[in-house]
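Colleague: Could you take me closely through the surroundings of the ligand, and then through the helix packing and backbone details that go with them? I would like the cut-offs spelled out as you go.

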Amino acid sequence: MRQRIVVTGVAGFVGSNLTKRLLDRGYPVIGIDDLSAGTAENVDRCVEFHQTDIRAPEIYPLFEGADAVFHLAAKTCLPECVNNPLEAASMNVMGTLNVLEAARRAKVRKFIYADTSAEYEGIYEFPTREEQIRPIGVYAASKHGGATFCESYRELYGINVTILRYFNVYGPAQDWRRVIPPVMSSFIIRLLQGERAVIYGTGEKRRDFIYIDDVNDFHILVLEDQRTDGKIFNVGSGTNFSINEIFELVEELLKTGLRPIYNSDLPGEAQITLADLTAATALGWKPRVAIAEGLSRTIEYLQSRVLAAKVSFPGAK
Ligand SMILES: NC(=O)c1ccc[n+]([C@@H]2O[C@H](COP(=O)([O-])OP(=O)(O)OC[C@H]3O[C@@H](n4cnc5c(N)ncnc54)[C@H](O)[C@@H]3O)[C@@H](O)[C@H]2O)c1
């Protein structure tokens, strides 16, 4: 029997997908989420689930006997972070600190922190490498604060921390119910419902998109391979697409004939993201799911789960 893994943010997009992979591989999962953004239906029935805020001391006993922690819980909605920086810092900095403290007390073997490519917001050389960061916005600064405490706990208390800087992860279970949902889910749902997709700005911003299954391959490698101990890794695909190109790819698959609507730009977003994958690929990992395949799988999920359940989409008119 494998040892228990704690996953914070288990009801969110990455957490719920990661949990399925861990369970398939035989790891028992203790899941923590306050359901502030995630949903109960995302939580697998085999998870020992605790609906708790990561900032509460009540989480400490849940870490006892755990082998590793994936710390994913965070305030991830950028506009909400901008509107409420104190809450963003409270969740992403203080919350992370409390999870680190729980891991320290329980002497957990490995701590894996979900960092972000937003750390590279002020860097204009591409592809971006792990060594040089410049977080600017509230979300980036708050995730950076969490990462900084991870490094402090490594230095001061010898916690074995690995930091993963995800680029734009996409796939099934992504939070499509937000007012401004992640771009792919937003396009797919609107087109499936016969609505025109909305693009903010010119659509020429470029993003490095990585399919969730590829991220999970890397999660398992990080969990099981000691070469990743104490390191920082970019987790992206190493290629990028403009938002307009993504729209065309989705439209090629759905063939609706509906053209997008262009709205005013969203402030505070990087123009380009592109990951340098030298560190991750040196371990034998590489992304395998091409964009068209990833989009087809995402469409299949949204068609079968979301539209079949006739759940309404907030952006739909
Ligand atoms: N999805 C991406 O493309 C991406 C990119 C870069 C970084 N990340 C990072 O990966 C992690 C997971 O992202 P995601 O896309 O799954 O986000 P998500 O919003 O879908 O999931 C986050 C989960 O954390 C939970 N949560 C928030 N605050 C909490 C609190 N105080 N206590 C307990 N639970 C709380 C939410 O309810 C939600 O279920 C985050 O740390 C995010 O910063 C994600």
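Modeller: What follows begins at the ligand and then moves outward to the helices and two loops. This is a predicted model, in which local features need pLDDT of at least 70 and side-chain atom pairs count only at pLDDT 80 or more, while totals for chains, interfaces and linings use all residues. Residues are numbered from 1 along each chain as its sequence is written, and side-chain values use heavy atoms, with hydrogens and water left out.

The shell around the ligand holds 30 residues, of which Asp33, Leu72, Thr76, Tyr139 and Lys143 come nearest; a residue is counted as near when one of its heavy atoms lies within 4 Å of the molecule. By class, 15 residues of this shell are nonpolar, eight are polar and seven are charged, where Ala, Val, Leu, Ile, Met, Phe, Trp, Tyr, Cys and Pro count as nonpolar, Asp, Glu, Lys and Arg as charged, and the others, Gly among them, as polar. Helix H1 (13-24), strand S5 (110-116), helix H4 (138-157) and strand S7 (168-170) each supply at least two residues of the shell, and S5 gives the most, with three. These elements are DSSP runs numbered from the N terminus, helices being H or I over at least four residues and strands E over at least two.

Turning to polar contacts with the ligand (pairs of N or O atoms within 3.5 Å), a polar side-chain atom of Thr76 lies 2.7 Å from a ligand oxygen atom. The backbone also takes part: an N or O atom of Val14 lies 2.8 Å from an oxygen atom of the ligand, and one of Phe167 lies 3.4 Å from an oxygen atom of the ligand. Taken alone the ligand exposes 820 Å², and the protein buries 94% of that, with areas from the Shrake-Rupley method and a 1.4 Å probe.

H1, which contributes to the shell, also packs on helix H6 (residues 212-224) at an angle of about 60 degrees, with the axes 10 Å apart; the axes are lines fitted to C-alpha atoms over the stretch in contact, and angles run from 0 to 180 degrees between N-to-C directions. That angle makes H1 oblique to H6, since angles under 35 degrees count as roughly parallel, over 145 as roughly antiparallel, 65 to 115 as roughly perpendicular and the rest as oblique. H1 passes H6 in a right-handed crossing, meaning that the near helix is turned clockwise from the far one by less than a right angle.

As for the backbone, most residues other than glycine have a negative phi, and most peptide bonds are trans. Leu35, in the loop between strand S2 (29-33) and strand S3 (48-51), has a positive phi near 60 degrees. The peptide bond from Phe126 to Pro127 is cis, with omega near -5 degrees, and Pro127 lies in the loop between S5 and H4.

Conventions:
Polar contact = N/O pair within 3.5 Å; in protein donor to acceptor, adjacent residues only side chain to side chain.
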